[in-house]
Amino acid sequence: MLEFNFIDYIKRVSQRPQAGLIACTYGEFVAFICGLDAAGEPSELEGFREWLCIKRGRLSGFAWCKLALVMWDIDLPSYVTGSKELHLKAIQGLTELILEFYNDETKKMAIQSYNKWQIEFHKGKIHLPEEKVFKFNFVDYIKKASKHVGIFLAESTYGEFVALIKGIEVGSELIKLDRFQEWLCKKQGQNSDEVWSKLALIIMDIDLPSYVSGSKELHLKAIQGLTELILEFYPEKNKI
């Protein structure tokens, strides 16, 4: 099995983005990092968003990719448009933050502090500050995608649907399913280390060979079931 060093790979790509990215955009770099992180186990970026919030000194609904831009004061028109210089600056800035996070021996304490903030937030003792966000109705979009799977997904697989949801979180710059995994555990009646996409399959009692193989009927059933769980979770997410 090949040795793989997540941090070294990120550094190499950020130093020569033209070698690893087609258009050298921040969006490509973020997607690239998400892919690398998803391929490894455990996640190298677990707690990164929470660490960024602590470093910034405030709670935020932004995903880590947006938080990094805010902290570097980089105003990209979007993740795929804008000057090449600005995108390269964003790529370098994000890389520096990832390296700092990775080498921070106190990051576990920072994550614990963030969790305390979250408890205070859900008790209504502190509030998220107003921040500029895109107008986007996550629930409506998910409902449309699940009803018209053939339009939104190339192969109509559960894996594509999960990727679509994660992509929406990145694209809309907000964490839409924060605490979804925790909610699924409560619904199941026991704690689990499984990611929400796998936990949802367990709750639905759907045994897919993989996220991209198996019968089309089973994948459609999984997509519809996950949609129903999200719709059930969404009105309750602030009560957890």
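Over the ring of which residue does the charged end of Lys-66 sit? The ring belongs to Phe-62, and the charged end of Lys-66 is 5.7 Å from its centre. Further points on this predicted model follow.

1. Confidence. The mean pLDDT of the chain is 81, and 82% of the residues score at least 70. Helix α13 has the highest mean among the elements of the chain, at 95, while α7 has the lowest, at 69. Statements about α7 should be read with that value of 69 in mind.

2. The largest nonpolar core. This core has 34 residues, and the members that touch the most others are Tyr-26, Ile-33, Phe-48, Trp-64 and Leu-94. At least two residues come from each of α1 (6–15), α3 (26–39), α4, α5 (64–71), α6 and α7 (107–122). The most, six residues, come from α6. As a general matter, nonpolar side chains in soluble globular proteins tend to be buried together.

3. Tyr-26. With neighbours within four places in sequence set aside, Tyr-26 is in contact with Cys-65, Ala-68, Leu-69, Leu-76, Tyr-79, His-87, Ala-90, Ile-91 and Leu-94. Leu-94, one of these contacts, is also listed with Tyr-26 among the core residues that touch the most other members.

4. The second core. Separate from the core above is another of 29 residues. Its members include Ala-145, Leu-177, Ala-222 and Phe-233.

5. Aromatic pairs, Phe-48 and Phe-101. The whole structure contains 11 aromatic pairs. In one of them, Phe-48 and Phe-101 lie 5.2 Å apart centre to centre, with 55 degrees between the planes, and the pair is tilted. Phe-48 belongs to helix α4 (residues 48–56) and Phe-101 to helix α6 (residues 84–103), so their pairing ties together parts 53 residues apart in sequence. Both Phe-48 and Phe-101 are buried.

6. Aromatic pairs, Phe-180 and Phe-233. This pair is also tilted, at 4.9 Å centre to centre and 50 degrees between the planes. Because Phe-180 lies in helix α11 (residues 180–188) and Phe-233 in helix α13 (residues 216–233), the pair ties together parts that are 53 residues apart in sequence. Phe-180 and Phe-233 are buried.

7. The ring cluster. Phe-180 and Phe-233 belong to a cluster, linked by ring pairs, that also takes in Trp-183, Trp-196 and Tyr-234. Phe-233 is thus a point to inspect in the structure: it is a member of this cluster and of the second core.

Terms used. Residues are numbered from 1 along each chain as its sequence is written. This is a predicted model: local features need pLDDT of at least 70, side-chain atom pairs count only at pLDDT 80 or more; totals for chains, interfaces and linings use all residues. Side-chain values use heavy atoms; hydrogens and water are left out. Rings of Phe, Tyr and Trp (its six-membered ring) pair if their centres lie within 6.5 Å; planes under 30 degrees apart count as stacked, over 60 as edge-to-face and the rest as tilted. Helices (H or I, at least four residues) and strands (E, at least two) are DSSP runs, numbered from the N terminus. Buried means under 20% relative accessible area, exposed over 50%, partly exposed in between (1.4 Å probe, protein chains only). A charge sits over a ring if NZ of Lys or CZ of Arg is within 6 Å of the ring centre and within 35 degrees of the ring normal. A nonpolar core is a set of buried Ala, Val, Leu, Ile, Met, Phe, Trp, Tyr and Cys residues joined through side-chain atoms within 4.5 Å. Contact means heavy atoms within 4.5 Å. pLDDT is the predictor's confidence in each residue, from 0 to 100.
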